[in-house]
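User: I am new to this structure and would be grateful for a close look at one part of it. Please begin with a single loop residue and its backbone, and then connect it to the rest of the model.

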Amino acid sequence: MLDIQNLRVTYGTGRLQVDAVKDVSFHVGTGEAFGLVGESGSGKSTVLRAICGLAPISGGRVLVDGREVPTPRDKAFYRTVQMVFQDPYASLHPRHTVDRTLSEPLAIHGEKDAETRIAQALREVGLGPSFRFRYPHQLSGGQRQRVAIARALLLRPKVLLLDEPTSALDASVQAEILNLLDELRRNLGLTYILVSHDLAVVAHLCDRLLVMRHGETVEETTAAALRTNQAASDYTRSLINASQGFSRDAARPESALTR
Amino acid sequence: MTTKPLLEVEDLRVRFHLRTGTVEAVRGVSFTLGRERLGIVGESGSGKSQTGRAILGLTPPPGEVIAKKLTFDGIDLLTASKRTLRTLRGGRISMVMQDPKYSLNPVMTIGEQIIEAYQAHTRSGRAEARDKALAMLEAVKMRDPARVFSLYPHEVSGGMGQRAMIAMMLVTDPDLLIADEPTSALDVTVSMEILRILDELVAERGMGLIFISHDLKLVSSFCDRVLVMYAGRVVEELEAKNLREAKHPYTQGLMRCLPTLANDVRPLPTLSRDPAWAQ
């Protein structure tokens, strides 16, 4: 479904040149969920942004359905690939109602039948028709993220790019959104690329994942390997340890040095 | 060890009188704190941050703080003069905020800010304050304290900024440190490093610590005792190591709804909120 070959993203030139993504390759099959994990500045979000045309591709190729994507991306691309952003407080227009937010993609792509499709999209993400004419400030964080997901699903895309979809949400709301994403993938046969810094979230939603650091690939591994602690690289193991919570035992060797 | 608790809070209430009515953010919170690590956990809007702010007298203007008892080391914080509060704040009680990007002064070097904090609470010369600031930067494991001393906040990373803030807050040797989500703006590996430093300093100096966070797992692995807050109330208080035996359905729900690497539950159990929890 999606093939990323030797992707490079570079910002600036000369002395100010920053290589945000260096030579990253991966393949995502139809109906698969693929995770990108790393710390801030690892280039994981930049990969997503490069795929959907929000970051410049300086080298390598991005293939969707076996065809290289055109720059700028055409309408057909956005019918296949849609993105959900991290912060639902920032990604919805504060002065547009849910209805207006949702009718925009339909208008751009000249779709008819907006009325029923909006109602259906809201139903799919578990929001009733009563939410249709509300403004974002009248919604909670979890409800906003549901609207953002509904907007992405309106054009019936095959691929959903999810950029930290739950990191701005409370733990209990995160569980609801993760369940929703899981269910939608099963029902609609979607392909996901999920970016997150939370290993547990990625392992929950994805089968395969790529660990990134400083714009480079550290390793490609599977959720099953993470669960059984069989990561090949030290870096991935340190991420796993950090995600298990604070431990005083792990603190000992380092503090012994400084004393 | 003194037998008298460092901080006593009884029936603390924080109210905001707004045009649309009165909102009670904290509704009758009571706890005592010795020289230990206390965690306060809750989701957004549970009143955990307002509890921390009320102790320091930092409740923003339309807010009102009422309590049967709010004492720090025998000093009544509710009736204390502004002058007394000023000497306590930053001197004997200090607070580490969430995001170093917003809570450090952008137009002052890190060193100057630490010196300012030190000189506000001690009679000391410039040279002494400078030595103290450098020693503090070293205590938070800055690789090159002299260099960091002369940097501006925008020139350092988030983790370094947060360490600088901890240095600034601990330079006056406080008895109580309130840390409000000190690591939520940071990466996991960086936040572990910050917690390790915080843990060491708190243990070394025998301070009391209030650690406010939304992350139940993190708090329980870091603190001795945990208060779980929901809708402005403490719904459960328990020893961190007994977290697994939590009785309240809210605490249990919070624990269960997190995806874990260890076991794959699908769909994740979600939290059904019982209005009775908020009473």
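Analyst: A:Glu164 is located in the loop that runs between strand 7 (159–163) and helix 6 of chain A. The model is a predicted one, and every value given here is computed from it. Although A:Glu164 is not a glycine, its phi is positive, at about 45°. The residue has 20 C-beta neighbours inside 10 Å, and therefore counts as buried.

A residue of chain B can be set beside it. B:Glu181 is not a glycine either, and has a positive phi near 45°. It is placed in the loop between strand 8 and helix 8 of chain B. Because B:Glu181 has 18 C-beta neighbours inside 10 Å, it counts as partly exposed.

The helix that follows the loop of A:Glu164 leads to the contact between the chains. In that contact, 29 residues of chain A meet 28 residues of chain B. On the side of chain A that touches chain B, at least two residues each come from helix 6 (171–188), helix 7 (199–205), helix 8 (223–227), helix 9 (234–243) and helix 10 (248–258) of chain A. Helix 6 of chain A gives the most to this side, with seven residues. By class, the side of chain A that touches chain B comprises 13 nonpolar, ten polar and six charged residues.

Chain A also holds an open sheet of four strands, in the order 2-1-4-5 and with antiparallel pairing. Its edge strands are strand 2 (18–28) and strand 5 (67–68) of chain A, each of which pairs on one side only. Within the sheet, strand 1 (residues 2–11) and strand 4 (residues 59–64) of chain A run antiparallel and are joined by five bridges. In this pair, A:Ile4 stands opposite A:Val62 of strand 4. Helix 1 (residues 44–51) of chain A packs on the sheet and touches strand 1, strand 2 and strand 4 of chain A; the direction of the helix makes about 70° with that of strand 2.

Beyond edge strand 5 there is a further backbone feature. The peptide bond from A:Thr71 to A:Pro72 is cis, with omega near -10°. A:Pro72 is found in the loop between strand 5 and helix 2 (75–80) of chain A. Chain B has a cis peptide bond as well, joining B:Arg266 and B:Pro267 with omega about -5°. B:Pro267 lies in the loop between helix 10 (249–256) and helix 11 (275–278) of chain B.

The surroundings of B:Glu181 can now be described. Chain B contains an open sheet of six strands in the order 7-8-9-3-10-11, with mixed pairing. Strand 7 (93–96) and strand 11 (233–239) of chain B are at the edges; each has a single partner strand, so one side of each is left without a neighbour in the sheet. On average, and with direction ignored, neighbouring strands of this sheet are turned by 20° against each other. Strand 8 (residues 176–180) of chain B, which precedes the loop of B:Glu181, pairs with strand 9 (residues 208–213) of chain B in the parallel sense over five bridges. There, B:Ile178 has B:Ile210 of strand 9 as its bridge partner. Helix 7 (residues 158–170) of chain B lies across strand 7 and strand 8 of chain B, and runs at about 175° to strand 7.

Chain B is divided into domain 1 (7–92 + 176–278) and domain 2 (104–171). The centres of these two domains, taken over C-alpha atoms, are separated by 27 Å. Each side of their contact is made up of 13 residues. Helix 8 (residues 188–205) of chain B gives the most to the domain 1 side, with six residues. That side of domain 1 has nine nonpolar, three polar and one charged residues.

One pair of helices in chain B completes the picture. Helix 4 (residues 110–121) and helix 5 (residues 126–139) of chain B pack at an angle of about 115°, with their axes 9 Å apart. The crossing of these two helices is right-handed. Residues including B:Ile114 and B:Tyr118 of helix 4 meet residues including B:Ala133 and B:Met136 of helix 5. By class, the contact has six nonpolar, two polar and two charged residues.

Notes: Residues are numbered from 1 along each chain as its sequence is written. Chains are lettered from A and ligands numbered from 1 in the order in which they are written. This is a predicted model: local features need pLDDT of at least 70, side-chain atom pairs count only at pLDDT 80 or more; totals for chains, interfaces and linings use all residues. Two strands pair if DSSP finds at least two bridges between them. Axes are lines fitted to C-alpha atoms, for helices over the stretch in contact, and angles run from 0 to 180 degrees between N-to-C directions. Two residues are in contact if their C-beta atoms, placed from the backbone, lie within 7 Å. Domain bounds come from an automatic or database domain assignment. Ala, Val, Leu, Ile, Met, Phe, Trp, Tyr, Cys and Pro count as nonpolar, Asp, Glu, Lys and Arg as charged, and the others, Gly among them, as polar. A crossing is left-handed if the near helix is turned anticlockwise from the far one by less than a right angle, and right-handed if clockwise. A residue is buried if 20 or more other C-beta atoms lie within 10 Å of its own, exposed if 12 or fewer, and partly exposed in between; C-beta atoms are placed from the backbone.
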